[in-house]
Amino acid sequence: MKVSQLIFVSATITTSLILSACNSGNQALAPNLNSKSATNDQEVVILPPAKPDPLAKFDLKKADALTNSAKILAGINTDNNNNFSKLENTPVWQEHHQSLTKAWDKLETQQISQVKNWSNTELATINSTKPTIFYPFSGPDFLYSNSLFPQAKEMVLVGLEPVGTVPNLLDLDSSQFNSKLQQVRNSLYAILQFSFFRTNDMKVDLQQQGVLPILYVFMARTNHRILDVDYVGLNAAAKIQPMADGLIPGVKIAYLGEGEKEPRTLYYFSTDLSNDGLVKHPQLAKFVEQLDNPITYLKAASYLMYNDSFSQIKNVILAQSSYLLQDDSGMPVNSFDTQKWDLDFYGNYVSPIALFSNRYQSDLKQIYTTNKQQIKPLNFGIGYQFEVNTSNLMLAKAKKDSVSQSQ
């Protein structure tokens, strides 16, 4: 073979090797994700980008201080080695701790555990969706809304009582600290004994301190961590804004369930839900209309929506709710068109308490009398008739056609 031919052959072989190496390198840089690597016979796995930490936006030192404040008000020991330990060593707090712990243990055993068990059975489908809860006429009753809807991603509570404040407990002198603990116990008495806040008591107790201290107590006693608290308001467009004059006053609490990583949100707004009140501040109704398929809960609602003067909020609830859970103090049963709602009844219907004796419903009594086999029992008392076997609940489910037409 001639020298020129040898050079040509050598160059051809070299070029082929280089191209082969380049192709192999390109395959390594851009592998076929549906095949195995040619070199090590292992599948190439592309990991998804890490999800952002949902707690990253919160000041966790502030969250610890908020949660410890709530525990002190709730009579619960805080973690060791924090500034609140000195409060726990005072005689007034020890007495507060013993009083609330005794009352709470009794309530948990006789009442809340049964409510939770009932919810696990009867509201399982609702709770699996992590719903939004709308609870008008609630006052600060996070306790029962959380017991019935423990997986709610968002709760909206509304009452006449002011939002109030929680002072820096570390700055209070002994007399002020004792007074604050006494205020909390006074405000909690009725709901711990009877399952509801008495209206006259709220006018006195909660007008002084607002609902926020009681919300703190309920959150601490239900093992929630408070991440942040913001004073907010609703503007004319029903948008949440930092609190300012002219807005519906409210508070936004970000909180975390025990063992959970995704924050939840509680809103409380202080406003009048009568027709006159909604004429002055229509943004509350607009806000409810913007909620995502809310579940409405009504308990010890003073039979207000039996009156024409509360027809607007009643109509908003019926138009927007995908479910409605209530005792008989919420709405009359004849408010529910059976072409639009499926109704399930629980417990027993007896005459309303004397204060509301004129709100007796003969048609509801007829339902309970003629459908005994289809009505499930309640093993707990709730609402104004708080004794076992005297309470009732109704779960209304909006039919799909009705929901789609109203939205």
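Me: Buried means under 20% relative accessible area. This is a predicted model. By that cut-off, are tryptophan 104 and phenylalanine 218 buried or exposed?

Reply: Tryptophan 104 is buried, and phenylalanine 218 is too. Each therefore falls under the 20% cut-off.

Me: What makes tryptophan 104 and phenylalanine 218 an aromatic pair, and why is the pair called tilted?

Reply: Their ring centres are 6.2 Å apart. The limit for a pair is 6.5 Å, so the rings qualify. The planes meet at 45°. Stacked needs under 30 degrees and edge-to-face over 60, so 45° leaves tilted. A search of the whole structure gives 18 aromatic pairs, and this is one of them.

Me: Why does the pair of tryptophan 104 and phenylalanine 218 tie together parts far along the sequence?

Reply: Tryptophan 104 belongs to helix α4 (residues 91–122), and phenylalanine 218 to helix α9 (residues 212–221). The pair therefore connects parts 114 residues apart in sequence.

Me: What makes α9 largely enclosed by the rest of the structure?

Reply: The count of buried residues in α9 is 10 of 10, so the helix is largely enclosed. Among them are Leu212, Ile214, Tyr216, Phe218 and Arg221. Just after α9 comes asparagine 223, with a positive phi of about 65°.

Me: How do you know that α2 is roughly perpendicular to α9?

Reply: Helix α2 (residues 60–74) packs on α9 at about 95°, and their axes are 8 Å apart. Roughly perpendicular covers 65 to 115 degrees, so α2 and α9 earn the term.

Me: Which residues meet where α2 packs on α9?

Reply: From α2 come Leu66, Ser69, Ala70, Lys71, Leu73 and Ala74. From α9 come Pro213, Tyr216, Val217, Ala220 and Arg221. The split is eight nonpolar, one polar and two charged. Lys and Arg count as charged, so Lys71 and Arg221 are the two.

Me: Why is the pair of tyrosine 303 and tyrosine 306 called edge-to-face?

Reply: The planes of tyrosine 303 and tyrosine 306 are at 70°. Edge-to-face starts over 60 degrees, so the name fits. The centres are 5.2 Å apart, within the 6.5 Å limit. Tyrosine 303 and tyrosine 306 are buried.

Me: Which residues do ring pairs link into a cluster with Tyr303?

Reply: Tyr306, Phe356 and Tyr384 are linked with Tyr303. Phenylalanine 356 is in contact with Ser302, Tyr303 and Tyr384, leaving aside its neighbours within four places in sequence.

Me: Why does phenylalanine 356 count as buried?

Reply: Its relative accessible area is 13%, which is under 20%, so phenylalanine 356 is buried. Phenylalanine 356 sits in the loop between β9 (341–347) and α13. Its C-alpha atom lies 9.1 Å from that of serine 329, 27 residues away along the chain.

Me: How do you know that the charged end of lysine 299 sits over the ring of tyrosine 144?

Reply: The distance from the charged end of lysine 299 to the ring centre of tyrosine 144 is 4.6 Å. The limit is 6 Å, so the distance part of the test is passed. The test also needs the charge within 35 degrees of the ring normal.

Me: What makes threonine 271 a buried residue?

Reply: The relative accessibility of threonine 271 is 8%, under the 20% cut-off, so the residue is buried. Threonine 271 lies in the loop between β6 (264–270) and α10 (275–280). Its contacts beyond four places in sequence include Val158, Gly159, Ile248 and His281. The C-alpha atoms of threonine 271 and glycine 159 are 6.1 Å apart, with their places 112 residues apart along the chain.

Me: Asparagine 389: why does it count as exposed?

Reply: Asparagine 389 has 52% relative accessibility, and exposed means over 50%, so the label holds. Asparagine 389 is in the loop between α13 (362–370) and β10 (392–398). Its phi is positive, about 75°, although the residue is not a glycine. Most residues other than glycine have a negative phi.

Me: Why is phenylalanine 137 called buried?

Reply: Its relative accessibility is 17%, so phenylalanine 137 is under the 20% cut-off. Phenylalanine 137 is in the loop between β1 (132–136) and α6 (142–148). Its phi is near 60°, again a positive value outside glycine.

Me: How many of the 407 residues in the chain, as a percentage, are buried?

Reply: Buried residues make up 47% of the chain. The chain has 14 helices and 10 strands.

How values were computed:
Residues numbered from 1 in each chain as written. Predicted model: local features only at pLDDT ≥ 70, side-chain atom pairs only at ≥ 80, totals over all residues. Heavy atoms only, no water. Helix = DSSP H or I, 4+ residues; strand = E, 2+ residues; numbered from the N terminus. Buried < 20%, exposed > 50% of the residue type's maximum accessible area, 1.4 Å probe, protein only. Phe/Tyr/Trp six-rings, centres within 6.5 Å; stacked < 30°, edge-to-face > 60°. Axes fitted to C-alpha atoms, helices over the stretch in contact; angles between N-to-C directions. Parallel < 35°, antiparallel > 145°, perpendicular 65-115°, else oblique. Contact = heavy atoms within 4.5 Å.
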